Amino acid sequence: MMENKRFTLDEANDLLPQLKEDLLKLQQLTAQFEEQFVLYQKTKAHHKKFASPVKEKADPFFEIEGQLDFMRMETDMLIENFSRKGVLLKMISPGLIDFPAVLDGEDILICWKEGEEHVSHYHGWNDGFMGRKPFPEA
C-alpha cells in the first residue's frame, strides 16, 4: 500500500482516466449487488411465508448467497485498488476521490468529483469537500 504517496496536480490528472474506469466498474458492481440483494431478501421473505414445514434437502439460497459473497469480495478488491494507488475513495456514487498532496509545505487533498473533466481543486485534510478551492496555477 502506498501509505505516504503524495501527488502533484499533473500526477493526479495522469491517473484520472484509470481511476474513472475503475470507478465505473465499481459503480456497476455495487448497483448489481444492491439489485441482487433486494431480490434475495424478497425471495427469502416469500420463501419463509410459503415454505412447507417439511425440511428441504438443499438450501434454496445457497447459490444466490454465493453470488452475493463473490460480488462483495470483488467490490472490496476494487475499493482496495484505489488505496493501492495511493488515493482516497471518498464516495462511490457520485464518485469522489482525494489525492494526498503538499501545497506550500502544507498537507492537503487534491480532489476530484465525478463529472469534472480533470482534477483542479483541493482542500485541507479537515476542511472536507465544502472547503474546496481552485488549485493555484503553477
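## Close-up views of a predicted model

**Figure 1. Buried residues of helix 1 pack against helix 2 (62-84), strand 1 (88-91), strand 2 (96-103) and strand 3 (106-113).** The model shown here and in the views below is predicted. Helix 1 spans residues 9-50. Its buried residues are A12, L15, L16, L19, D22, L23, L26, Q27, L29, T30, F33 and Y40. Two of these, D22 and Y40, return in later views.

**Figure 2. Helix 1 is kinked at L16.** The kink is about 45° and comes shortly before the proline P17. L16 is also one of the buried residues of helix 1. The helix has 42 residues. From first C-alpha to last, helix 1 reaches 59 Å. That is close to the 62 Å expected at 1.5 Å a residue.

**Figure 3. Q27 is a buried residue of helix 1.** Q27 has a relative accessible area of 14%. This is under the 20% limit, so Q27 counts as buried. Leaving aside residues up to four places away in sequence, Q27 touches I92, S93, G95 and E114.

**Figure 4. F7 and F99 form an aromatic pair, one of five in the structure.** The ring centres lie 5.3 Å apart. The planes stand at 80°, so the pair is edge-to-face. F7 belongs to the segment before helix 1, and F99 to strand 2. The pair thus links distant parts of the chain, 92 residues apart. Both rings belong to buried residues: F7 has a relative accessible area of 6%, and F99 has 0%. F7 has a charged partner as well. The charged end of K5 sits over the F7 ring, 4.7 Å from its centre.

**Figure 5. Y40 and F61 meet edge-to-face.** Their ring centres are 6.0 Å apart. Their planes are at 90°, and the pair is edge-to-face because that angle is over 60 degrees. Y40 sits in helix 1. F61 sits in the loop between helix 1 and helix 2. The two are 21 residues apart, and the pair links distant parts of the chain. Y40 is buried at 11% relative accessible area. F61 is buried too, at 8%. Ring pairs extend the group: F33, F37, Y40 and F61 are linked into a cluster. F33, like Y40, is among the buried residues of helix 1.

**Figure 6. K44 lies over the face of F61 and bridges to E65.** K44 is 5.4 Å from the centre of the F61 ring. K44 also forms a salt bridge with E65, with the closest N and O atoms 3.7 Å apart. The bridge links helix 1, which holds K44, to helix 2, which holds E65. In sequence, the two residues are 21 residues apart. E65 counts as partly exposed, at 26% relative accessibility. K44 is partly exposed as well, with a relative accessible area of 32%. The ring under K44 belongs to a buried residue, F61.

**Figure 7. D22 and K85 meet in a salt bridge.** The N to O distance is 2.5 Å. D22 comes from helix 1. K85 comes from the loop between helix 2 and strand 1. The pair links distant parts of the chain, 63 residues apart. D22 is buried, with a relative accessible area of 5%. K85, by contrast, is partly exposed at 23%. That value is not under the 20% limit, so K85 does not count as buried.

**Figure 8. D107 and R6 form a salt bridge, one of seven in the whole structure.** Their side chains meet at 3.6 Å, N to O. D107 lies in strand 3 and R6 in the segment before helix 1, so the pair ties together parts 101 residues apart in sequence. Both partners are partly exposed: D107 has a relative accessible area of 40%, and R6 has 32%. The segment before helix 1 thus appears in two views. R6 from this segment pairs with D107 in strand 3, while F7 pairs with F99 in strand 2.

Definitions and conventions. Residues numbered from 1 in each chain as written. Predicted model: local features only at pLDDT ≥ 70, side-chain atom pairs only at ≥ 80, totals over all residues. Heavy atoms only, no water. Helix = DSSP H or I, 4+ residues; strand = E, 2+ residues; numbered from the N terminus. Buried < 20%, exposed > 50% of the residue type's maximum accessible area, 1.4 Å probe, protein only. Contact = heavy atoms within 4.5 Å. Expected span 1.5 Å × (residues − 1). Bend = angle between axes of the 7 residues up to and from the residue. Phe/Tyr/Trp six-rings, centres within 6.5 Å; stacked < 30°, edge-to-face > 60°. Lys NZ or Arg CZ within 6 Å of the ring centre and 35° of its normal. Salt bridge = Lys/Arg side-chain N within 4 Å of Asp/Glu carboxyl O.
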